[in-house]
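The exercises below are meant to be worked through with the structure in view. Try each task before reading the solution that follows.

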Amino acid sequence: MSTAEQEPATYDPHAAEQRWRAVWERLDLDRTGRRAGAPKAYVLDMFPYPSGDLHMGHAEAFSIGDVVARYWKLRGHDVMHPIGWDSFGLPAENAAIQRGLNPRDWTYANVDTQVEGFKKLGVSFDWSRRLHTSDPEYYRWTQWLFLRFFERGLAYRKSSPVNWCPKDHTVLANEQVVNGHCERCGTAVTKRDLTQWFFKITEYADRLLDDMALIEGHWPDRVLAMQRNWIGRSTGAHVDFRVEGSHLATARTVTVFTTRPDTLYGATFFVVAADAPLAEELCAPEKRAELEAYREKVRALTTIERESTDRPKTGVDLGVVAINPVNGERMPVWASDYVLAEYGTGAIMAVPAHDQRDLDFAREFGLPVRVVVQTDEADPAETGVATPGDGVLVNSGPLDGLRKAEAIQAVIAQLEKDSLGSAAITYRLRDWLLSRQRYWGCPIPVVHCPTHGIVAVPDDQLPVELPPLAGEQLLPGHGGAQGESPLAGAAEWVNTTCPTCGGPATRDTDTMDTFVDSSWYYFRYCSPEFTDGPFDVDAVAEWMPVAQYVGGVEHAILHLLYSRFFTKVLFDMGMVTFTEPFSALLNQGMVINQGKAMSKSLGNGVDLQEQLGIHGVDAIRLVLLFAGPPEDDVDWADMSPTGVGKQLARMWRAAGDAATASGTADASSLRRDCAVAIDEVTRLTEGFRFNVAIARFMELTNSLRKALDAGVDGDACREVAHSLATMLAAYAPYTAEDMWARLGHDVDGGDSVHDSRWPTADPALLVADTVECVVQVGGKKRAVLTVAAGITEDELVKLALADEHVARSLEGLEVKKVIARPPKIVNIVAS
Ligand code: ANZ
């Protein structure tokens, strides 16, 4: 039976999906290409969390990644487009507690559902590379990497105050605290001191900043800006102040960090972080009760509240004095919550004339204000507005008359000479707190030995597998002390022997933040079955860095920063040869409905499966891509899947009609429309303007329809239908395959549109205005090309070298030089 006879008479997206999915699986079309010498592209989607079935947001994000992957494959690249699951994490654990299960059951059932969803969506994943971070074969290597960090001094333990959710009984990272409440359950977050594991990411702060130059222009500017702010490098000085008090036996030196050492003569009081041990240490005995009461109040605040500038300033005078090192002036020392214990040195010199926070504080407590940098602005003491700008130094002894920048240099030089301070850099970035007191995560592979302290589990004993706890055994604090992981209750698992002395020891009961798992998964994809290390260094060298990463902007900071950090450590270990993992990044927006995020409580959710059932996969993929540029949020309420479905049907019909077209009328206008469409869709696809590219498909379909109706040359119509099908293959894979089959290709026999080649536009057709260009090789005329009058030098050289006559005359020769004088002449020197 011929292909045409099998076909339904009308466009039936559901039949196409069923038919082609089976054929594609049989043909194994999406397996990563492995042709020697072929250009390569690693296209990566941020891997999903197995939360349940796929939703509209997934459909959009993965449609975007899929266009990119399919496009590069059609362009002749070997493409790697893998998928896996970020499958450790709290929701699985909470679900397991409720249902009396092990988190694994819930997790892997959800993964299966999502696998089916992705297959239906027709995403071109190489399924043979699939991984789950909760598989022991994966987390064995997460543990191995942890141990390498530990050996390098990049993983360490210390006691620190942490955000604590009293309901979930877990430590929360700062960004998991929203307005003082737990991001997950909404309970008010408190602070407690716990001994925690950290990664020393601060040691990489400079490189994380400086290497941004390598990705600038290829990552969204706002993501780079957010990372820069998060790292927050400030340059300034450390200045030592002596603090004296009747209860202090000897004067205590307290160092401050300031970005404005030029204002040193304008310091009128001194402030230490109320919650730092230093405040207690300095506090005069008669002020202790007041300080303690104040500290209680401060502990209840979140960092965000503390940093907000519109809150009235509060504080306690500690009853001691600080002595200004440059003029011996004595000033009161206060404790306040607007100075953060964790930033700089936790103590500041307050210069109210030039710092707004200090001015607000001074006005609240009647402290003096002294201008030391004369700017054009009015007196801050009168206006209540500090003047942070540039100006000329006054009231500053030897600094008088200097400008700000000169004064900064001068005062630092003086302080360094007198050993009273030095130039200094401070970062906002903190070390990465990675321990979690939860079960469903990667166990930290160390044991605690009474004799040898912290001892690494030997590599050949990895993975340290999770014991199979379920239901109530997962409750926080189960079997262990408050604040301990439920793993502490698994006595058989906890009690082990010390690898060093063989004596009794206990396992570490913390598990790792799931951001650790996701910091290296893209390396693993390059060799997912590798058993001699986290990845095969040769496979990584072949595929990485990732050519295009696609994912949500919610990961702009942490995931990307941590991944960049991991890559730099691997570079230092000699395991990779590059320092940035993702050469290009695209952030997609969200799919919203009626102006709001889709949510159950608002009742504005749109069920993906239901929509796929009504309109078919391609109409949904296309309508999401058509709704706007990928970076923007797109509103379901503005979309018309029915309209897009009709457009697909038109393309499908046009292909069928072209297959049998037998007209003879002049095709030049159709050919020109097609060349223009190819040229534009190519550029639009590469520039992620998918919505405009789709509009071009519709226009080209119009041209083709008109040509068919007007009896334009049948061969030309078929050619155009082929180009349309191939380009559409990147966007609407099922419909394109159906069109391809209608055009006479034996898809079942292996001739799939997804193995075809992206069309190229005949440049001569792109502009009405063309010229003849002579191409010479070694002074001899070898070809005459018809080129656009406005052709660029690069394009012209490319064309000349691609010409078959030219190529033939260059056989066996090496091109030494190409001299192009667009648009008329190209001279190739070869020997
Ligand atoms: C004196 C001064 C005068 C300052 C002036 C600013 C302007 P960034 O740029 O964010 O690094 N500071 C230092 N440690 C602090 C802490 N732990 N909590 C709150 N504030 C702290 O800010 C550095 C400036 O913030 C420092 O420079 C210090 O105030 C303050 F006209 O010192 B400055």
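**Exercise 1.** In which sense do β10 and β11 pair, and over how many bridges?

*Solution.* The model used here is a predicted one. Begin with the pair itself: β10 and β11 run antiparallel to each other and are joined by 7 bridges. One rung of this ladder can be picked out by looking at H238, whose bridge partner in β11 is F257. Next, follow β10, residues 233–244, to strand β18, residues 421–427, where another 7 bridges are found, again in the antiparallel sense; here R233 has Y427 of β18 as its bridge partner. Finally, β10 also pairs with strand β13, residues 315–323, in an antiparallel way over 3 bridges, and in that pairing V243 stands opposite A322. As background to these steps, strands of a sheet pair through backbone hydrogen bonds, either parallel or antiparallel.

**Exercise 2.** Determine the strand order of the open sheet that contains β5, and explain why one side of β6 and of β19 is left without a neighbour in the sheet.

*Solution.* The order is β6-β5-β9-β19, which gives an open sheet of 4 strands with antiparallel pairing. Because β6 (170–172) and β19 (432–433) stand at the edges and have a single partner strand each, one side of each is left without a neighbour in the sheet. The partner of β6 can then be examined in detail: strand β5, residues 155–165, pairs with β6 in the antiparallel sense over 3 bridges, and N163 is the residue that stands opposite L172 in β6. As a last step, add the helix that packs on this sheet, namely α6 (residues 136–151), which touches both β5 and β9 (190–199) and whose direction makes about 90 degrees with that of β9.

**Exercise 3.** Assemble the sheet around β24 from its pairings, and then state which strands stand at its edges.

*Solution.* Start with strand β21 (residues 446–449) and strand β24 (residues 504–507), which pair in the antiparallel sense over 2 bridges; in this pairing V447 has R507 of β24 as its bridge partner. Then turn to strand β23, residues 495–497, which runs antiparallel to β24 and is joined to it by 3 bridges, with N495 having T506 as its bridge partner. The connection between β23 and β24 is a hairpin with 6 residues between the two strands, and G502 in its turn has a positive phi of about 80 degrees. Put together, the open sheet has 4 strands in the order β22-β21-β24-β23, with antiparallel pairing. The edges are taken by β22 (453–456) and β23, each with a single partner strand, so one side of each has no neighbour in the sheet. On average, and with direction ignored, neighbouring strands of this sheet are turned by 45 degrees against each other.

**Exercise 4.** Describe the surroundings of the ligand: which residues come nearest, and which side chains place polar atoms by its oxygen atoms?

*Solution.* There are 17 residues around the ligand, of which S234, T258, L340, Y343 and R428 come nearest. By class, this shell is made up of 8 nonpolar, 5 polar and 4 charged residues, and β11 (252–258) and β15 (347–350) each supply at least two residues of it. For the polar contacts, take the side chains in turn: an N or O atom in the side chain of S234 is 2.5 Å from an oxygen atom of the ligand, a polar side-chain atom of Y343 lies 2.4 Å from a ligand oxygen atom, and for a polar side-chain atom of R428 the distance to an oxygen atom of the ligand is 2.7 Å. Taken alone, the ligand exposes 640 Å², and the protein buries 87% of that.

**Exercise 5.** Locate the cis peptide bonds that lead to P463 and P545, and the positive phi of S419.

*Solution.* It helps to recall first that most residues other than glycine have a negative phi, and most peptide bonds are trans. Against that background, L462 and P463 are joined by a cis peptide bond with omega about 0 degrees, and P463 has its place in the loop between β22 and α16 (491–494). The peptide bond from M544 to P545 is cis as well, with omega near 5 degrees, and P545 is found in the loop between α19 (537–543) and β26 (548–552). S419, a residue other than glycine, has a positive phi near 55 degrees and lies in the loop between α15 (404–417) and β18.

Key: Residues are numbered from 1 along each chain as its sequence is written. This is a predicted model: local features need pLDDT of at least 70, side-chain atom pairs count only at pLDDT 80 or more; totals for chains, interfaces and linings use all residues. Side-chain values use heavy atoms; hydrogens and water are left out. A residue is near a molecule or strand if one of its heavy atoms lies within 4 Å of it. A polar contact is a pair of N or O atoms within 3.5 Å; within protein, one must be able to donate a hydrogen and the other to accept it, and residues adjacent in sequence count only if both atoms are side-chain atoms. Accessible areas come from the Shrake-Rupley method with a 1.4 Å probe; for residues, only the protein chains shown count as cover. Ala, Val, Leu, Ile, Met, Phe, Trp, Tyr, Cys and Pro count as nonpolar, Asp, Glu, Lys and Arg as charged, and the others, Gly among them, as polar. Two strands pair if DSSP finds at least two bridges between them. Contact means heavy atoms within 4.5 Å. Axes are lines fitted to C-alpha atoms, for helices over the stretch in contact, and angles run from 0 to 180 degrees between N-to-C directions.
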